[in-house]
Amino acid sequence: MAADEENKVIVINGETISPGENKLVKINIARLPTGTLIDIPVHVFNGKKAGPTVLLQAGLHGDEINGVETLRRLLQDSQFKIKKGAVIVVPILNIFGFIHFSRDVPDGKDVNRSFPGSRTGSLASRIAYHYTNEILPQIDFGVDLHTGGGLRNNFPQIRFTLEDEKSKELALLFNAPFHFSSRLIAGSFRKTAFKMEKPIVVYEAGESMRFDEQSIKTGIQGVKNILIGCQMLSGKVPKKTSVRVEATRWIRASRAGMFIPAVKNGSAIAKDEVLGTITDTYAKKSKKIKAPFDGYVFCINNQAVVNQGDALFHIGK
């Protein structure tokens, strides 16, 4: 690819974005029962010079708002000027979930278990279908921004696909506090992209329906690190400080009761260190939760009252 070669023309939903052009494109999905049209807003920044096309997306689960705010701030950043290649930004993929404060669409289906989708399937499947056919063919790789589930707070972490060396390189460039491989899940956006040979890294940070400033700022910097590393954005890539986690494990509640964590999220832990306590409401019984090995805590359940088997800590070594 010649240094002075012009970048490719991008076509989404029948709209053309030429080299050197920025445009907001909307992908029509469906209507609410009131008749209001729901569409996915897609911001396209097409640089003049040839380079990769990168997807930045959030809101695949409608209640995971840290990623939405991360991309909103990035769009607002006056320094966000693409030198080459193209960036496609989708701040909210699951519009239905977002307006209902829900992970899923109104029928209860998870869009991130509905890929590659069907044109005549369920609402979640239709969203996945349009996205698979309109966006994925355009990109070379992408960053998918998520948060932990309800009351589960993920310390900023980046996940890659073990079988995809390019996704590992992107994870290292992102430089989140932790990085590790995670398996591909059937029906997920990442697995569909993998089959299409489109490397995707998943940024997990914070918890649903709650803004976390550290998670947002780390996400903004991580996205910039990838774009700078690909020479698409001006700046200097910082020294890599991300900790590689080789194995992960969920620590679950052995009994029901009130859960009191004793460690901070993101902290290093030692084998047999007390991570927290589960106690009954009568001050008669309590159970200490101990670390099974040396490592790190990168997710804590903030639920105060737990049932037997509930996930309390996600730890790695």
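Select helix 1 and helix 6 in this predicted model, and display the side chains where they meet: Asn-66, Glu-69, Thr-70, Arg-73 and Leu-74 of helix 1 are in contact with Glu-213, Ser-215, Ile-216, Gly-219, Ile-220, Val-223 and Lys-224 of helix 6. Coloured by class, this contact between helix 1 and helix 6 shows 4 nonpolar, 4 polar and 4 charged residues.

Now reduce the view to the two helix axes, which lie 9 Å apart and make an angle of about 55°, helix 1 spanning residues 65–76. Because of that angle, helix 1 counts as oblique to helix 6, and the crossing of helix 1 past helix 6 is right-handed.

Keep helix 6, residues 213–229, in view and add the largest nonpolar core, which has 65 residues; among its members, Ile-12, Ile-40, Val-42, Leu-56, Tyr-131, Ile-226 and Leu-227 touch the most others. Helix 6 supplies the largest share of this core, 6 residues. Centre next on Leu-227, which, when residues up to four places away in sequence are not counted, touches Val-54, Phe-80, Ile-82, Val-87, Met-232 and Leu-233. A further selection, including Phe-259, Ile-278, Val-297 and Ile-315, brings up another core of 16 residues that lies apart from the largest one.

Finally, go to Lys-81, in the loop between helix 1 and strand 6 (84–90). Lys-81 is exposed because its relative accessible area is 59%, above the 50% cut-off. Beyond its neighbours within four places in sequence, Lys-81 contacts Met-232 and Leu-233. To end, draw a distance from the C-alpha atom of Lys-81 to that of Ile-99, 18 residues apart along the chain, and the separation is 30 Å.

Key:
Residues numbered from 1 in each chain as written. Predicted model: local features only at pLDDT ≥ 70, side-chain atom pairs only at ≥ 80, totals over all residues. Heavy atoms only, no water. Core = buried A, V, L, I, M, F, W, Y, C linked by side-chain atoms within 4.5 Å. Buried < 20%, exposed > 50% of the residue type's maximum accessible area, 1.4 Å probe, protein only. Helix = DSSP H or I, 4+ residues; strand = E, 2+ residues; numbered from the N terminus. Contact = heavy atoms within 4.5 Å. Axes fitted to C-alpha atoms, helices over the stretch in contact; angles between N-to-C directions. Parallel < 35°, antiparallel > 145°, perpendicular 65-115°, else oblique. Left-handed = near helix turned anticlockwise from the far one by under 90°. Nonpolar A, V, L, I, M, F, W, Y, C, P; charged D, E, K, R; others polar.
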